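This report deals with salt bridges and the accessibility of the residues that form them. The sequence and structure come first.

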Amino acid sequence: MSKLFVAGEVFHGAGSLDELKNIKGKKAFIVTGGSSMRKSGTLDKAIAYLNEAGIETIVFDGVEEDPSSATSFKGAEAMREFQPDWIVGLGGCSAIDAAKMMWVFYEHPDADFDAMTTPFTVPTLRKKAKFIAIPSTSGTGTETTGLAVITDREKGVKYPIVSYELTPDVAIIDGEICASMPAHITSNTGLDALTHCVEAYVSNIENNYADVLAKGGLEIVFDNLKEAVNNPTNIKARQNMHDASFMAGLAFNNAWLGIVHSLSHQVGALYGIPHGMSNAIFLPNVIRYNAKVSDRFPDLAKVIGKSTAEELAQAIETLRSEVNNIGSIKEFGISKEDWDKNLDYIANNALVDPCTGFNPRVPTLEELKEIYNICYEGLVYQD
């Protein structure tokens, strides 16, 4: 017997933010990033809807990209002062992931961050508060996953904190919120969703529900990402991408991911490469690497009118170019000297990343280093 893990309640469609009017509670602690949600008016709308429901609110803003454990501790301290019964993550993945970790330390002030980097060790939540996720980007699927990616700045390592305790109680998937998302973020996050679909489908966990969602999400991304990048006010394309992101998140929440994410976590933490951008660089070559042991890639290729793993990899490279994303790590501006200096460090971290355990092919350290170097140069992996 298996259990399907999904956000407790899901509201989707343009304008679904107004479901906040129906929340029952007393206090809501809203966590958001920079100024985009305030400038777009989304933050004010959320506050107004919650106030209409009779809920007092406070805002914790300024969450940085790739949120740190220090930010989580700071937010949790503010939560303990306010004592909310709802926590609202509003914005991009960084804001929502930070809010999840704040939630943990709010309910468990003495929790050990280092210990929680081991999967499924987050203590039981919901003794003080429940969680609402409202994404403003269409990529990570964090609104329906038991995952929060937190960076240890001192170590230069991104840690995926994995626990179904972190799965939100309410998810609001409103494409209107994404209308102000810049083209480059739309591109990066859309390619992230695409990666989730591919890795969830070929992971070493068999799950029929995840398979259908992964295939459906993949098709929606290929049909809508270019339009969302080029015509940002097309709400239909925005909603389609938002739905695809959620579907991909639901797929990998039940089948998990692979070494694309293991590789990406390290370059994101050390070099600041946006997660979707690095995923899109690694994904085609990881497909080529995994195709030696997995026969599932042709199934995905058929969804977009292709036949083989190689044709799928090439289609992703084409889409990556069409939405103006780079094809190599060195194009991000990282020198060869700096890359070579850190290669052993990031490869070792990738090897022990939790996502590596779900990859269809068990990699060696040398194989990960080889994939890293090929993707640094923008070359094609050949087994």
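Glu377 is partly exposed in this predicted model, with a relative accessibility of 30%. Its salt-bridge partner is Lys330, with 2.9 Å between the closest N and O atoms. Glu377 belongs to helix 14 (residues 365-377), while Lys330 sits in the loop between helix 12 and helix 13 (336-352), so the salt bridge ties together parts 47 residues apart in sequence. Lys330 is partly exposed as well, at 40% relative accessibility.

A second pair is formed by Glu310 and Arg288, whose closest N and O atoms are 2.9 Å apart. This salt bridge links distant parts of the chain: Glu310 is in helix 12 (residues 309-322) and Arg288 in helix 10 (residues 275-290), 22 residues apart. Is Arg288 buried or exposed? Arg288 counts as buried because its relative accessibility, 9%, falls under the 20% cut-off. Glu310, at 32%, is partly exposed.

Lys336 and Asp340 also meet in a salt bridge, at 2.9 Å from N to O. Both residues lie in helix 13, four residues apart, which is about one turn of the helix.

The accessibilities of four of these residues are listed below.

| Residue | Relative accessibility | Class |
|---|---|---|
| Glu310 | 32% | partly exposed |
| Arg288 | 9% | buried |
| Lys336 | 38% | partly exposed |
| Asp340 | 40% | partly exposed |

Salt bridges also join Arg126, Glu165 and Asp169 in a network. The structure holds 17 salt bridges.

Notes. Residues are numbered from 1 along each chain as its sequence is written. This is a predicted model: local features need pLDDT of at least 70, side-chain atom pairs count only at pLDDT 80 or more; totals for chains, interfaces and linings use all residues. Side-chain values use heavy atoms; hydrogens and water are left out. A salt bridge is a side-chain nitrogen of Lys or Arg within 4 Å of a carboxyl oxygen of Asp or Glu. Helices (H or I, at least four residues) and strands (E, at least two) are DSSP runs, numbered from the N terminus. Buried means under 20% relative accessible area, exposed over 50%, partly exposed in between (1.4 Å probe, protein chains only).
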